[in-house]
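Student: Could you walk me through this model, with the cut-offs spelled out as we go?

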Amino acid sequence: MTLPVTALTAAILAIMILLTAIATVRQRFKSSAAFGLDDANQPLVSAARSHGNLTEHAPMAVIMIALLEMVPVNHLALTGVAVLFLAARAAHIIGLHQPVLDKGPPPARALGVIGTWVTYIILIVWILFQILTRNA
């Protein structure tokens with residue numbers, strides 16, 4: 001791998017982001033809070049969180065995808081992972097703009113979160129595999 005330090009740093013940061021996201025969601029369920037902001041102005045909260053959440057997750061995914069693209073990996077598979085990430089983020093944005101349900105987040109929002117986490121896990125494992133097999 002051309003940038004092993006950057007790749008490992010990106011993978012560790014992605015793990016940290018994933019773990020803190022899971023902890024945040026757990027706290028939201030415990031407190032029955034739909035959003036981290038005042039729910040009084042729903043359109044503003046939805047807009048702010050969809051923007052903030054995307055800017056929290058997109059850079060790490062782009063960095064990991066770029067790192068994998070720099071080494072000889074299957075570009076069709078990498079494109080598939082990138083498409084999964086883009087679809088998950090789009091679903092999350094759509095879900096944030098839908099009404100909050102009594103029994104949890106809108107399905108599109110939940111699908112977006114799960115899709116993002118699955119993408120992170122795939123990219124993390126793929127990067128760690130590249131590091132371990134190419135730098136052994």
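**Burial, helices and core**

Student: Of the 136 residues of the protein, what percentage counts as buried?
Tutor: This is a predicted model, in which local features need pLDDT (the predictor's confidence in each residue, from 0 to 100) of at least 70, side-chain atom pairs count only at pLDDT 80 or more, and totals for chains, interfaces and linings use all residues. Residues are numbered from 1 along each chain as its sequence is written, and side-chain values use heavy atoms, leaving out hydrogens and water. Buried means under 20% relative accessible area, exposed over 50%, and partly exposed in between, with a 1.4 Å probe and protein chains only. On that scale, the buried share of the 136 residues is 38%.

Student: Which order do the elements of the protein follow from the N terminus on?
Tutor: Helices (H or I, at least four residues) and strands (E, at least two) are DSSP runs, numbered from the N terminus. The protein has four helices and zero strands. Reading from the N terminus, the order is α-α-α-α.

Student: Where is confidence highest in the protein?
Tutor: The average pLDDT is 83, and 82% of the residues score at least 70. The lowest confidence belongs to H1, with a mean of 78, while the highest, at 94, is in H4.

Student: Which helix gives the most residues to the largest nonpolar core?
Tutor: A nonpolar core is a set of buried Ala, Val, Leu, Ile, Met, Phe, Trp, Tyr and Cys residues joined through side-chain atoms within 4.5 Å. The largest one has 26 residues, and those with the most contacts inside it include Met64, Leu78 and Tyr120. Two or more residues each come from H1 (4–31), H2 (42–69), H3 (75–96) and H4 (107–134). With eight residues, the top contributor is H4.

Student: Is histidine 92 buried or exposed?
Tutor: Histidine 92 sits in helix H3. Leaving aside neighbours within four places in sequence, histidine 92 has contacts (heavy atoms within 4.5 Å) with Asn53, Ala108, Arg109, Gly112 and Val113. Because its relative accessibility is 3%, histidine 92 counts as buried.

Student: How far apart are the C-alpha atoms of threonine 116 and histidine 57?
Tutor: Threonine 116, in helix H4, is buried because its relative accessible area is 1%. Not counting residues up to four places away in sequence, threonine 116 touches His57, Phe85, Ala88 and Arg89. Threonine 116 and histidine 57 lie 59 residues apart along the chain, and their C-alpha separation is 8.1 Å.

Student: What separates the C-alpha atoms of leucine 128 and leucine 8 in space?
Tutor: Leucine 128 belongs to helix H4 and, at 28% relative accessibility, counts as partly exposed. Leaving aside neighbours within four places in sequence, leucine 128 contacts Leu8 and Ala11. Leucine 128 and leucine 8 are 120 residues apart along the chain, yet their C-alpha atoms are separated by 7.0 Å.

Student: What percentage of the contacts with a separation of 6 or more comes from residues 24 or more positions apart?
Tutor: One example of distant sequence positions is alanine 21 and tryptophan 117, which are 96 residues apart in sequence and 8.9 Å apart in space, C-alpha to C-alpha. Alanine 21 lies in helix H1 and is buried at 15% relative accessibility. For the protein's contacts with a separation of 6 or more, the share from residues 24 or more positions apart is 74%.
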